[in-house]
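Let's take a walk through this model, starting with a space hidden inside and then stepping back to the whole chain. Keep the structure open as you read.

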Amino acid sequence: MNLTTNLLTLFLCLGYLTSSAQLIENFNQYSWQQKDSIIETLYHGGAKNVVNVIIDQAYEAERTKVSQDLEALAALTVWKGIKELSESNLVEAQNTLQTAVEIYEQKPAIDRLRYQDALINLSDIYRERGDALLAFRSFAKALDLLDVDTMVQASMMHSSYQHASDLALQAGEYNEAESYGKKALSLSQTEFTNRSNEYFQSLTRLGLIYRAQGQLRRASNLILQAYDMAKTHLPDDDPNKVYYANLAIEDLERNGRSTAAEEVYKEQLAFYDKYSQYQDDISYPVLLNQLGDFYSTRGDLDLAYDYYNRANILFELRTDNTDPRYIQSQANVARILQQQGKYVEAELYYLAALRYAGDAFDENSWTEGYIRDNLATMYAAMDKPKEALEQRRLANKIIEVNLGPNHPEYAVSTLNIGEAYLALGQDSLASDFLTTAYVKLDQLYGPRHARVFTAAHSLADYYAERDVKLALDYYGRAADFVDYHFLNVLPLLPTAERLSSLERYKKFIDKYFSFGYQHHSENPTVGSKMYNTALAYQHAREALDIPTTLALTKEPTADLRKSYNQWKALRSQIIIATEKTVAERTEMNVDLNELFTDIQAIEKTMFPAYLNNHVGRESDGFISSLKARLQSGEVLVNFFPMHWFNMQSQQFNDQEAYLTFVLGPTSTKIDLIEIGLTQNVLDVEQSRGQSAYSQQIWSPLEDVLSSHQRLLIVPAKRMNLVAFGALATKDGSLVWDEFKIDRLSSPFALFNRSANTSIQDKVALVTNVDLRGNPTLADGTSPSKVQVPARVIAPERVRKNMPLKMTTVNADQVIAIATKTLGKKKELTILQNDQASKSNVNALATANTSMIHLITSGLLMSEDDVSIDTTTNLATLTSPWLKSALTLTGANQTWESDSMITDIIDDGILTSLELATLDLDKVDLTILDGLNLQQAQNADGAALLRLVRTLQMAGSKHVLVSLWPARDRDSYFQLFYKNLSKGKTVKDAFYLTQKKMRKKFDVASWAGYVLF
């Protein structure tokens, strides 16, 4: 019945099917059985575009026949459903496959293979959509077909039975789960013997089914039997033994059999001791921590300490009470228990450690001071302020004796005493100690140190309910450190550390901004200080990740390597110096300002993004520099995302909100405006919720902005997806009708404000991207400087659940329009299909191309989707620069297989990090069209902004983006291209197009286009 693969290959070789077009043209001449085999061959060969076309063609031809062959229709309907499923159209695929199943069930003699395909795919759809019962029933039908197929391999049948039992268990069909579990067990006995891993898997699976049924004794017997047999029959060094042991321990502890569980724990320890190579595996410290928990819950604190300590210091245990390492281990156990909230046990360990320290060391030893300080912290958490104060004072005395009253640690201890008095409500003493600590720390370190920040923050919180003026003053002093740290130190840190630090300080910023906004009318300078901090925060977030870039650079030049080594050396000096006191830096002969100047000079030599967009790191000059770049009638509107902090309840509001900074060229102050977005707005796209968006975003701004003519808008998070020009004013007109709008990807874009230029001679369109295609490289094209493995962008589990999607935009008409308009006066390059490769796009940067129109989908991920590569040199890469990318030809092959090897020169994924290494200085306009923003993983639009910002940092003067799939798109680009072809500047062409489109079309047709 089937046309074999070899025969199909012979046809291809003989010239019957010499091209995809000819295959499609001649397809109807074959029988349906031949069509079925051709589709299967092409489908498994990865020819997605061709196979999708012929599936639709074959299906429609069979469906519309006057005299239908039901078996043929059923088989081709299955292929139609599989195609829809591959395109993630779950609803359509489900309906189509259900139709195929219904046809098959009408026929007494069926094609078992395609019927089985339909059922298995239906099962996957039901499971994805959360219907466990239908998923199980559909798979069970498929399994019935497999049962009678004598050609099916035993391993496949075994895994199928196991899968069926899992589905049945999820669906609550316990009897069915048990039945399939027993089938798997029986098959494993006959085909793999009762000494195989498959047999042990079957035993444990059936045991878990019995546990779900409440048959705990039967469950325990099977799980323990599996462990006993695995111990006996698996190779001595097989790590699967650990898996079965963990299940056994779980079962024994569940049944209260602690002694037996302890024996299994000991057997695991013996396994790791004998095969020490597995001690490097994460499961070993996990086991030790489990043992600590095990003995802790049994009340045996010594053994709990033993295993907690072994987990943390790896067999360096000393049991002598006077051994400093033992004393430290006691304190470590106490600290761990304290973190777990086990304060009673923790106190015993702390007090024991204090006794041992008294025996081992002289009175007032530093070790005793350390223990007392930790004990005080625990008492504060236990709401025992008197006990906490007592320990703080004793620790303070010890520090004074050991280190002296002018030592930084003494100042920190003084700060702690102030907070202890504050907890007791003794305000005057609290104020004295907090102020003394702040003054001392400021003298020791200067105002720009983390310890000074902590003291200033504590004083600000203290005065927040007592003296608004002093509270604002101390919040401002704390912010001075934050500004300095964000601008100078954080950009030098690895991404993971930088983002973590930003998150910690963001809570302070939100608290400061909430209080400052509430009281800014009482101090006219507060708005400027807060905006300095907001700018410093934005600067730190968008800093280029140099270590990541160098780690991913395939062949760095000798000069680049030299610059990077110099940069690393300076970074180390800076990190060390910022921790030192003023006196220590003087003794070291270190001038931080000189180090910052030197490292900035090196950065400018490394990547175009630094050369084109380095704005310096001195926040005091930011606002005046921004104002100097504003022209008459302009106003800068900068949205800063935050959560409002309630001083009374001491809690943050979860509602998404923005503090909006409004800066004019002549204004002596900064206007502050609060904007909050409610969930009913967030859940609706702007094109369908204009009224609510206008009310919540524009209404609070309108009165402040009414005296200006041009708005320079810097969006953030959700605001990135807002078309501000389409918002309605209070008189019923649109913002576009009353203002000119410039959209900035960052406030720092003003520092590199480009001339309003027109498009020059060279124009390129990149379209009809085939994500599964094979990239074609132009002559002389060199590989990308940076090569990013897919596993670094996202781990395999994320990539499996997030397939790349081709853009839904039809580019053919745009190509025709560009050819008719721009093609008459410009040198037009069109890269389509296999030519739409990353290497060819990179080559446009060196070809003096003036405009690049990219019609492709985007990979837009949230920064929260952290991925860490396990290879040595990429161990901490979590850069947000890797979370935004353009997908070009061949991207899906890389995304799915992660086949990054040294000879691959085009992987199809152009990340923001790679864009930063390009020189786009000759590019006046980049158009990002069809990015599928509404399907993006991060709905707040941060990834889009990263992509835009990177293009501008690399040199592109303007970036045009479509925020949603616009109606009348062809009309829009007909006008826009026509204006560009007449020599209009980019901005003028954009404004003229918007103006004409507004007259003829509704908001959904034009407002989604925004020009950065």
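A quick definition before we look inside: a cavity here is a set of grid points where a 1.4 Å probe fits but cannot get out, and its volume is the space filled by probe spheres set on those points. Bear in mind that this is a predicted model.

With that in hand, the structure holds five cavities of 30 Å³ or more. Let's stop at the second largest cavity, which has about 90 Å³ of space in it.

What lines the second largest cavity? From one stretch of the numbering come A723, F724, G725, W736, I741 and R743; the lining also takes in F990, Q994, A1007, Y1009, V1010 and L1011. Three elements each give two or more residues to this lining: strand 7 (740–743), helix 45 (986–1000) and strand 16 (1009–1011). Of the elements, strand 16 gives the most, with three residues. As for chemistry, the lining has nine nonpolar residues, two polar ones and one charged one.

Now zoom out. The protein has 46 helices and 16 strands, and 53% of its 1012 residues count as buried, meaning under 20% relative accessible area. Looking at contacts between residues with a separation of 6 or more, 71% come from residues 24 or more positions apart. On the outside, the protein exposes about 44,300 Å², and carbon and sulfur atoms supply 48% of that area.

Notes
Residues numbered from 1 in each chain as written. Predicted model: local features only at pLDDT ≥ 70, side-chain atom pairs only at ≥ 80, totals over all residues. Heavy atoms only, no water. 1 Å grid on protein atoms, 1.4 Å probe; cavity = no way out; pocket = protein on both sides within 12 Å on 5 of 7 lines; lining within 4 Å. Helix = DSSP H or I, 4+ residues; strand = E, 2+ residues; numbered from the N terminus. Nonpolar A, V, L, I, M, F, W, Y, C, P; charged D, E, K, R; others polar. Buried < 20%, exposed > 50% of the residue type's maximum accessible area, 1.4 Å probe, protein only. Contact = heavy atoms within 4.5 Å. Areas by Shrake-Rupley, 256 points an atom, 1.4 Å probe, with all protein chains shown as cover.
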